[in-house]
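Take a look at the protein shown here. This report follows a few of its residues from the inside to the surface.

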Amino acid sequence: MPIADASPQDPSEAPLRVPRRVWGAASWLIGGRLVGSGCTLLTLLALTGHLSDADFGRLTFWLAVFLVLDGVVDFGAGQISLQRAAADPAAAAPNLRTARRARTLSASAVVLTVAGVAATFEAGDGIYLALAALYHFSHVLELSTLGWKSRIAWRSPVLVRAGAAAASLLFVLVLRETGEDRPMPFLLAIAAGSTLGNLSLHLAGRRGLPSVRGVDPAPIGSFLAASIPMGAAAVFQQLYFHVDNVFVRALEGDEAVGHYNVAVRIMSLAIMGGVFASSAALPWLARAHAEGKGLAAALRLAGASTALGLVVALGLIPLRETLLGLFGEGFLVASHSLLWLLAAAFAVHVGAPLMTAVVAAGRSQTLLGIASAGLAVNLLGNALLVPPRGMDGAAIATFMTEAVVAALALLALIKGARQIR
């Protein structure tokens, strides 16, 4: 079953106009993220009074590590498969086979590494950390969403992911009722819900995929040559979003990490409009680039995303203490950090469409260069600012990073457009 051609059929969806289905998909993604983040916040609220502050910080630290490892497992395989399927539907099946092989290998490396770390540094309940890491194998199954993504049809995967988030919350609440008070079993409960979600995505999504029977996989060499730079860039992006956990934890301890990560979770809610609209628009941006109109399409999307980001940031700034206070009075220490993180959220709204346009253009080396620069800025910012300013310094470093990334992505797109001329 071939992936349906998602080329614009309606004249109103010409390349320079953001297709309505992009905003429709973004709406579904935002709705799903609200459910997912709502479940995450309820999970954290349920555990703030149940775990000690130090154990709560330890749990949020490993949740952040797992988000980075998600990018390591993918390492560009999903984006390259989508990019190639959007440009040539006939290429979907061979690239899907190769992507599954690539993710299996990277998941194996991640699971073995985490198991080694668990045995060395988390001896008390490291077995739960090692078992939770097995969830990364389920990312191989998650590739079955390729058909939906290529058609910019996000309703079904969003509903499945919302159900998975609810399952993770349910597992945590049930485990809490048993009296468990160690952080790693709760990490395993959250990972179990995510695993169930990826399995469900595979079972539901495979019907919309082309058959891979009798299809030779795409050459692994050329696939990895394209995916590795893009994957490294994605991992760098996750690192510069989460590496501040390492600095805050080392200098201020697990308790401060817990306070700071709640502010980061609120920021992650604030960026979802720009991030999800950009993600949904990738196939459209790829087609616009193929027609030589990539920069104009990216700027059109970025303009709308920037306006949305301004509204979101200005709306949340007065609510900082109210939101943090839901988790307890101790979390109010992150109020000033959240101010900087909301400024960073605005920068993400500006930069996300531009970075996605770089991906759509297939400029993986440029993407890697921008992400590397962002990581360097973040590491330097954290090294200089966290010692004197604590978590506030980490938040300022995040804002600086996102602003630099947005500026570099814009410059790269302008330079690419000039070269085409």
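Which residues does L187 touch, not counting residues up to four places away in sequence? The partners are L59, W62, L63, F66, L129 and A132. Keep in mind that this is a predicted model.

**The cores**

L187 belongs to the largest nonpolar core, which has 56 residues. L187 is also among the members that touch the most other members, together with F66, L129, M267, L324 and L341. Helix α12, residues 254-270, gives this core its largest share: nine residues. There is also a second, separate core. It holds 40 residues, including L82, W284, V358 and V359.

In soluble globular proteins, nonpolar side chains tend to be buried together.

**The chain as a whole**

Now step back to the protein chain. Its secondary structure consists of 19 helices and zero strands. The chain has 421 residues, and 53% of them count as buried. Take the contacts between residues at least 6 apart in sequence: 84% of these join residues at least 24 apart. The chain exposes about 17100 Å². Carbon and sulfur atoms supply 66% of that area.

**Two residues side by side**

Is V111 buried or exposed? V111 is buried, because its relative accessible area is 9% and the cut-off is under 20%. L199 reaches 37%, so L199 counts as partly exposed. The table sets out both residues.

| Residue | Helix | Relative accessible area | Class |
|---|---|---|---|
| V111 | α4 (residues 92-121) | 9% | buried |
| L199 | α9 (183-205) | 37% | partly exposed |

**Around V111**

V111 sits in helix α4. Leaving aside neighbours within four places in sequence, V111 is in contact with A133, L134 and F137. H136 gives a distance to check in the model. V111 and H136 are 25 residues apart along the chain, yet their C-alpha atoms are separated by 7.2 Å.

**Around L199**

L199 lies in helix α9. On the surface, L199 is part of a nonpolar patch with L170, F171, V174, L196 and L203. Together, the residues of this patch have about 500 Å² of accessible area. Which elements give two or more residues to the patch? They are α8 (155-177) and α9 (183-205).

To retrace the route, begin at L187 and its partners, among them W62 and F66. Then find V111 in helix α4. Finish at the surface patch that includes L199.

Technical notes
Residues are numbered from 1 along each chain as its sequence is written. This is a predicted model: local features need pLDDT of at least 70, side-chain atom pairs count only at pLDDT 80 or more; totals for chains, interfaces and linings use all residues. Side-chain values use heavy atoms; hydrogens and water are left out. A nonpolar core is a set of buried Ala, Val, Leu, Ile, Met, Phe, Trp, Tyr and Cys residues joined through side-chain atoms within 4.5 Å. Buried means under 20% relative accessible area, exposed over 50%, partly exposed in between (1.4 Å probe, protein chains only). Helices (H or I, at least four residues) and strands (E, at least two) are DSSP runs, numbered from the N terminus. Contact means heavy atoms within 4.5 Å. Patches are made of residues with over 30% relative accessible area and no salt bridge: like charges are joined within 9 Å, nonpolar side chains (Val, Leu, Ile, Met, Phe, Trp, Tyr) within 5 Å. Accessible areas come from the Shrake-Rupley method with a 1.4 Å probe; for residues, only the protein chains shown count as cover. A salt bridge is a side-chain nitrogen of Lys or Arg within 4 Å of a carboxyl oxygen of Asp or Glu.
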